[in-house]
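Got the viewer open? Let's take a short walk through this structure, one selection at a time.

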Amino acid sequence: MRQGRVWRGGSGWTYIHHEWLRKQRFDDADTQFAFDNGYGEVLSLETMRNRFDQRITDAAARPQWHAAVHG
């Protein structure tokens with residue numbers, strides 16, 4: 001936002017928002033580096049969250065957790 005760029009295309013962190021983020025380019029190399037690094041961290045955290053979500057889903061399907069998950 002400090003560069004005057006504000007997402008106005010609807011909800012954030014959707015496919016179209018990510019497409020918009022991937023297209024961002026900055027004239028200043030340091031600004032581009034900071035942006036790319038920050039966005040890379042977001043992608044890493046999303047990947048980690050997705051792995052945890054899958055692990056939780058897998059664990060919830062195990063018999064020992066059936067009663068706790070399904071009441």
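What follows is a tour of a predicted model, with a few stops to click on.

**Stop one: Gln24**

Start by selecting Gln24, which sits in the loop between α1 (15–22) and α2. Is Gln24 buried or exposed? Its relative accessibility is 9%, so Gln24 counts as buried, the cut-off for that being under 20%.

Now show the side chain of Gln24 and look for its partners. One polar contact goes to the side chain of Arg5, at 3.1 Å. The side chain of Gln24 also reaches the backbone oxygen of Trp20, and that distance is 2.9 Å. If you skip the neighbours within four places in sequence, the residues in contact with Gln24 are Arg5, Gln32 and Phe35. Keep Trp20 and Phe35 in view, as they come back at the next stop.

**Stop two: the aromatic rings**

Next, colour the aromatic side chains. How many aromatic pairs does a search of the whole structure find? There are 3 aromatic pairs. Zoom in on Trp7 and Trp20: this pair is tilted, with 5.4 Å from centre to centre and 50 degrees between the planes. Trp7 belongs to the segment before α1 and Trp20 to helix α1, so this pair links distant parts of the chain, 13 residues apart. Trp20 itself is partly exposed, with a relative accessible area of 26%.

Now move over to Phe35 and Tyr39. Their rings are stacked, 6.2 Å centre to centre, with 15 degrees between the planes. Both residues lie in helix α2, 4 residues apart, or about one turn of the helix. Tyr39 is buried, and its relative accessible area is 11%. Add Phe26 to your selection too: ring pairs link Phe26, Phe35 and Tyr39 into a cluster.

**Stop three: a salt bridge**

Go back to helix α1 and pick Arg22 and Glu19, which are 3 residues apart there. Arg22 forms a salt bridge with Glu19, and the closest N and O atoms are 2.8 Å apart. In general, side chains of opposite charge can pair when their charged atoms come close. Why is the spacing along the helix worth a look here? Being 3 residues apart in helix α1, Arg22 and Glu19 are separated by about one helical turn. Arg22 is partly exposed at 38% relative accessible area, and Glu19 is partly exposed as well, at 24%. The count for the structure comes to 1 salt bridge.

**Stop four: along helix α2**

Now select Leu43, another residue of helix α2. Leu43 is partly exposed, with a relative accessible area of 32%. Try drawing a distance from its C-alpha atom to that of Gln24, your starting point: the two are separated by 15 Å, and they are 19 residues apart along the chain.

**Last stop: a nonpolar patch**

Finally, turn on the surface and select Leu45, Met48, Phe52 and Ile56. These residues form a nonpolar patch on the surface, and together they have about 410 Å² of accessible area. Click on Ile56, which has its place in helix α2 (residues 29–60). Is Ile56 buried or exposed? Ile56 is exposed, because its relative accessible area of 54% is over 50%.

Conventions: Residues are numbered from 1 along each chain as its sequence is written. This is a predicted model: local features need pLDDT of at least 70, side-chain atom pairs count only at pLDDT 80 or more; totals for chains, interfaces and linings use all residues. Side-chain values use heavy atoms; hydrogens and water are left out. Patches are made of residues with over 30% relative accessible area and no salt bridge: like charges are joined within 9 Å, nonpolar side chains (Val, Leu, Ile, Met, Phe, Trp, Tyr) within 5 Å. Accessible areas come from the Shrake-Rupley method with a 1.4 Å probe; for residues, only the protein chains shown count as cover. A salt bridge is a side-chain nitrogen of Lys or Arg within 4 Å of a carboxyl oxygen of Asp or Glu. Helices (H or I, at least four residues) and strands (E, at least two) are DSSP runs, numbered from the N terminus. Buried means under 20% relative accessible area, exposed over 50%, partly exposed in between (1.4 Å probe, protein chains only). A polar contact is a pair of N or O atoms within 3.5 Å; within protein, one must be able to donate a hydrogen and the other to accept it, and residues adjacent in sequence count only if both atoms are side-chain atoms. Contact means heavy atoms within 4.5 Å. Rings of Phe, Tyr and Trp (its six-membered ring) pair if their centres lie within 6.5 Å; planes under 30 degrees apart count as stacked, over 60 as edge-to-face and the rest as tilted.
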